[in-house]
Amino acid sequence: MIAFIIRRLLQSVIVMVAVAAVSFTLFRFVGDPVNSMVGQEASIADREALRDSLGLNDPIFLQFGRFIGNAAQGEFGISYRLQMPVTELILQRLPATIELALVSGFLAFVVGLSLGVYTALRRRGVMSNIIMTGSLIGVSLPTFLIGVLLIWIFAVELRWLPSNGRGDVVSIGDWWSTGLLTHSGRLALILPAITLGLYQMTLIMRLVRAEMLEVLRTDYIKFARARGLSARAINFGHALKNTLVPVITITGLQLGSIIAFAIITETVFNWPGVGALFINSVRFVDVPVMAAYLMMIALVFVVINLIVDLLYYAVDPRLRVDRAGKAH
Amino acid sequence: MTKLARALTLSVSAAALALAAGAAQAETVRWARVADALTLDPHSQNEGPTLALLRHIYGTLVSRNVDGTLAPGLATDWQIHPDDPTIWVLTLREGVTFQDGAPFTAEDVVFSYERVLHESSGFRAIHADVVGAEAVDDYTVHVQMTGPSPLYPNNLTNFFIVDKDWAEANDVVAPQNFAAGEENYAVRNTNGTGPYQLVSRDPEVRTVLEAFDGYWGDAPQVTEVIYQPIPEAATRIAALLSGEVDFVQDVPVQDIARLEQTEGVQVVTGPENRNIFFAYDASSDTLRSSNVDDNPFSHPEIREAMALALDRDAIMQVVMRGQSQPSAAPLPPFVNGWTEEMHEYSAPDYERAAELVSSVYPDGFSVQLDCPNDRYLNDEAICQATVGMLGRIGIDVTLNSQTRSLHFPLIENWETDFYMLGWGVPTFDSAYVFNFLVHTREGSYGAYNGGRYSNPEVDAMIESIATMTDLDERNAVIAQIWDQVMEDRVFLNVHNQLLAYAVRDGLNIDVHPENSPTLWTVTVD
């Protein structure tokens, strides 16, 4: 078990270094940060001096080595754009993104699950067909468009919900802020959460439906029916329970991508999360923030995958038996 | 029914607003624009949104009116020293206090000079001719220049004054140094003499300012300012339409007509201090991107043909939807040196232009046009239109449009043959254009002279106007330089940008040529 964990951890470190290397090479194609850092009056000599002092003229591997060394100590430097420590900037923005991701993930799971079960049980119902057709919108319309559409209907025309921002937030401790405790904060969360969760919701719904249909055909369900169990006990007690394992796995893995792909939703709704921070940093070629953000996203994925692997190891006896067999 | 209901709601809320305003005399303006100030340090970033926000907190010695003229600020008077033309004598306003209560005196101005001239300052180049400042008494400062600089007060409109004791107490005697890796106290804390003081700031989310009761000028009608950057254009406009913000500064050209039709919202437009032009390399022997062996731009015929082919009115009507002032003059109209003659342009003559091109290159030629796509109003679309126009006269142009951080280094490093650039003139004088765009690139000159234009006679004239004290004589030389530059067709100017602000009804705001609105001058109906 310990050997397995160590092996996994080592692999994770390699993945992180690889991500750092790839992103670092990409930064060379984003442009010149010095140009956005100085005014148009700055002379070429001044620009060169700034480039020198930032170490941008050093060979790329030297810059990379320095970055890895600092990153290992959790030190990402000062943002070229906002002049604040990068770690602090990201930590300040992270609660907004995590809150949005969790709420929309929860929404997607609950609504997706209910609709999936409903459409599986009432396969030929009119309502099911409407839901299935409607779910195509969630899959095919780009997030950007959905967001703008929702803003138009609910903020501009009906004026029920705010079009942008996070509303009032309450600080909890030094590092966390939440909008869930204020009325305006909850209102502001509705539209972005729906926009971000719509795709996952339709995904989960279709997955649950397909799994349910599969399970409902199996012998043990037929047997349960033959025994005269109530429809409710069969559908929820046996069928649904057996569809949940893959659904939970997918939902867990999707949480990572919700955090990573919140960028578009955050941009449309001006949501002050890390995604919006990243986009603004790309425009400015704010290399320290971009690097730290990509490392953070890589870390989220690595940690989630690590947990999933460990869970499999704990849950699935075959993995252990296999290893034990090989050892002999 | 719904219309009626909405009208009713509107009038009720308007009445409620009026009541509230009457009761507390408090007026809040929620101000949205595309980007946030990068820092609150007054001497760190010479950048539009940063200057616009800081202007509300920090005072300047001289300020700029909406029509481009100078007005007294913290200095009530500025004169050239009667005995020494290299010294500017600044008379300071008495009775001004900083927001922490400290009095404003000459020593603060001297200290601000030291700070703005520091190595890590972003404004060093603007004060490049300053040797140093000296306090003569509490309200008089002598600024020693390297030579006579008759127009130097124009450079004072973005020079913010900080309190010496405050800066020393908080260890911010120098602006942020990026390489040091530490955050400067002044990045998030302020102490100015301006009409507003900082209440709270969450970078890129919200900055709240309230009127400073110790302000030396008239108390502003707008007592609270909430500044919110909203980068996404559709969201920004939606926030205005839904009543969540009162004032949107960066209105996309395509939304102007619709906003003008919208009840409760008005659009104000005005010329910006920024002209958009093309420039090309006419000096090199060959081009990087052309299919011919010599340099097509070195032929006067080709340059003339390009000028004849550029349909500025079509660009104004189709691409800019009326939001531009077409002009052949490569400088904004309120800048000293601008003339009606330079501005005039003729209708395109494609036949004549095509003849000119085929007289040199019977089969035409190809070239690449480098263009930014996120810097100026509809920059990429202007380039696309131009590609089509030049295509009609036998010039096969490949468009390379990319983000600003990739585009500008091309000009800086001389890696482009033909490019678009927009230029603002913060000093409102032609010398600024000459220094950066016309003079041969050497030392601090010619940083944006991407076309490699080099004319020793013009260079000598440019250097001579820097120290001329007789303004009439100086203007004559400026006219001479422009004659030469226009004759050589160094620039192919397209237009001046217009700025559009959208505000809710009841707020009266002027469009500022430097796109730096002043909320303390806003009046409320």
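**Helix packing in chain A and the fold of chain B**

In this predicted model, helix α5 (residues 86-121) of chain A packs against helix α10 (residues 231-260) of chain A, with axes that come within 10 Å and cross at roughly 150°. Angles over 145 degrees count as roughly antiparallel, so α5(A) is roughly antiparallel to α10(A). The crossing of the two helices is right-handed.

The contact draws on residues from both helices. On the α5(A) side, the participants are A:Thr97, A:Ile98, A:Ala101, A:Ser104, A:Gly105, A:Phe109, A:Val117 and A:Leu121. Their counterparts in α10(A) are A:Asn235, A:Leu240, A:Thr251, A:Leu255, A:Ile258 and A:Ile259. By class, nine residues of this contact are nonpolar and five are polar. Charged residues are absent from the contact of α5(A) with α10(A).

Chain B was characterised at the level of the whole chain. Its secondary structure comprises 15 helices and 19 strands. The radius of gyration of chain B is 25 Å, close to the 24 Å that the globule rule gives for 525 residues. Chain B is therefore as compact as a globular protein of that length. Along the principal axes, the C-alpha atoms of chain B fill a box of roughly 75 × 75 × 45 Å.

Burial and contact separation complete the description of chain B. Of its 525 residues, 48% are buried. Contacts in chain B were also sorted by sequence separation. Among those between residues at least 6 apart in sequence, 69% join residues at least 24 apart.

Technical notes. Residues are numbered from 1 along each chain as its sequence is written. Chains are lettered from A and ligands numbered from 1 in the order in which they are written. This is a predicted model: local features need pLDDT of at least 70, side-chain atom pairs count only at pLDDT 80 or more; totals for chains, interfaces and linings use all residues. Axes are lines fitted to C-alpha atoms, for helices over the stretch in contact, and angles run from 0 to 180 degrees between N-to-C directions. Helices (H or I, at least four residues) and strands (E, at least two) are DSSP runs, numbered from the N terminus. Angles under 35 degrees count as roughly parallel, over 145 as roughly antiparallel, 65 to 115 as roughly perpendicular and the rest as oblique. A crossing is left-handed if the near helix is turned anticlockwise from the far one by less than a right angle, and right-handed if clockwise. Two residues are in contact if their C-beta atoms, placed from the backbone, lie within 7 Å. Ala, Val, Leu, Ile, Met, Phe, Trp, Tyr, Cys and Pro count as nonpolar, Asp, Glu, Lys and Arg as charged, and the others, Gly among them, as polar. The radius of gyration is taken over C-alpha atoms; the globule rule is 2.2 Å times the number of residues to the power 0.38. A residue is buried if 20 or more other C-beta atoms lie within 10 Å of its own, exposed if 12 or fewer, and partly exposed in between; C-beta atoms are placed from the backbone.
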